[in-house]
Amino acid sequence: MKREIPIKSFSISLFILRPRNSTFECLLMRRTGSTLAGEWCQVAGGVEYGETAWQAALREAKEETGLTLEALYSGDTCEQFYEADRDAITLTPVFVAYAPSDCVVQLNDEHNDFCWLKFEDAAILLPFSGQRSTLEHIKREFVDRVPNPLLYIQTQ
């Protein structure tokens, strides 16, 4: 009998955009600690008991960046990757949020640096092909065109 590889979904991925010079920039942060230390990434984190995935995205944004976001959307995609230590496929819903152009980022201790980047520059820093593919999708669907209003998440 064959054994199935479990599929786990317990975390979120959030790309934060801000308007700049008639386009948008993407926020990346450099991680500290034992997981992916020194790598650049978007906001990411676990979903806590009793909260929805979109609520986790807003909470993680506040914890990691100090930002209060203007609008939140389902990214209409998921990141997926295999984790050898869990012998499982992780499936992570992607969210896209917009921050004001004059926002001030305040990092927590999970990160030691941040930058707002053009999409092509952000793609160079992201370590995984899945992140880069997601970034291309976000640019195509949330920057190059008006986001589909059906993806908007009413948070109030």
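**Exercise 1. Which residues do ring pairs link into a cluster?**

Solution. This is a predicted model: local features need pLDDT of at least 70, side-chain atom pairs count only at pLDDT 80 or more, and totals for chains, interfaces and linings use all residues. Residues are numbered from 1 along each chain as its sequence is written, and side-chain values use heavy atoms, with hydrogens and water left out.

Step 1. Rings of Phe, Tyr and Trp (its six-membered ring) pair if their centres lie within 6.5 Å; planes under 30 degrees apart are stacked, over 60 edge-to-face, the rest tilted.

Step 2. This rule gives four aromatic pairs.

Step 3. The cluster joins Phe 24, Tyr 73, Tyr 98, Phe 142 and Tyr 152.

**Exercise 2. Classify the pair Tyr 73 and Tyr 98, then place it.**

Step 1. The ring centres are 5.9 Å apart and the planes stand at 85 degrees, so the pair is edge-to-face.

Step 2. Tyr 73 lies in strand β6 and Tyr 98 in strand β7 (residues 88-98), so the pair ties together parts 25 residues apart in sequence. Strands (E, at least two residues) are DSSP runs, numbered from the N terminus.

Step 3. Tyr 73 has 13% relative accessibility and is buried. Tyr 98, at 10%, is buried too. Buried means under 20% relative accessible area (1.4 Å probe, protein chains only).

**Exercise 3. Describe the surroundings of Glu 83.**

Step 1. Glu 83 is in strand β6 (residues 71-83). Its relative accessible area is 18%, so Glu 83 is buried.

Step 2. Its side chain makes a polar contact with the side chain of Arg 86 (3.1 Å). A polar contact is a pair of N or O atoms within 3.5 Å; within protein, one must be able to donate a hydrogen and the other to accept it, and residues adjacent in sequence count only if both atoms are side-chain atoms.

Step 3. Leave aside neighbours within four places in sequence: Glu 83 is in contact (heavy atoms within 4.5 Å) with Phe 10, Ala 88 and Thr 90.

Technical notes. Helix = DSSP H or I, 4+ residues; strand = E, 2+ residues; numbered from the N terminus. Buried < 20%, exposed > 50% of the residue type's maximum accessible area, 1.4 Å probe, protein only.
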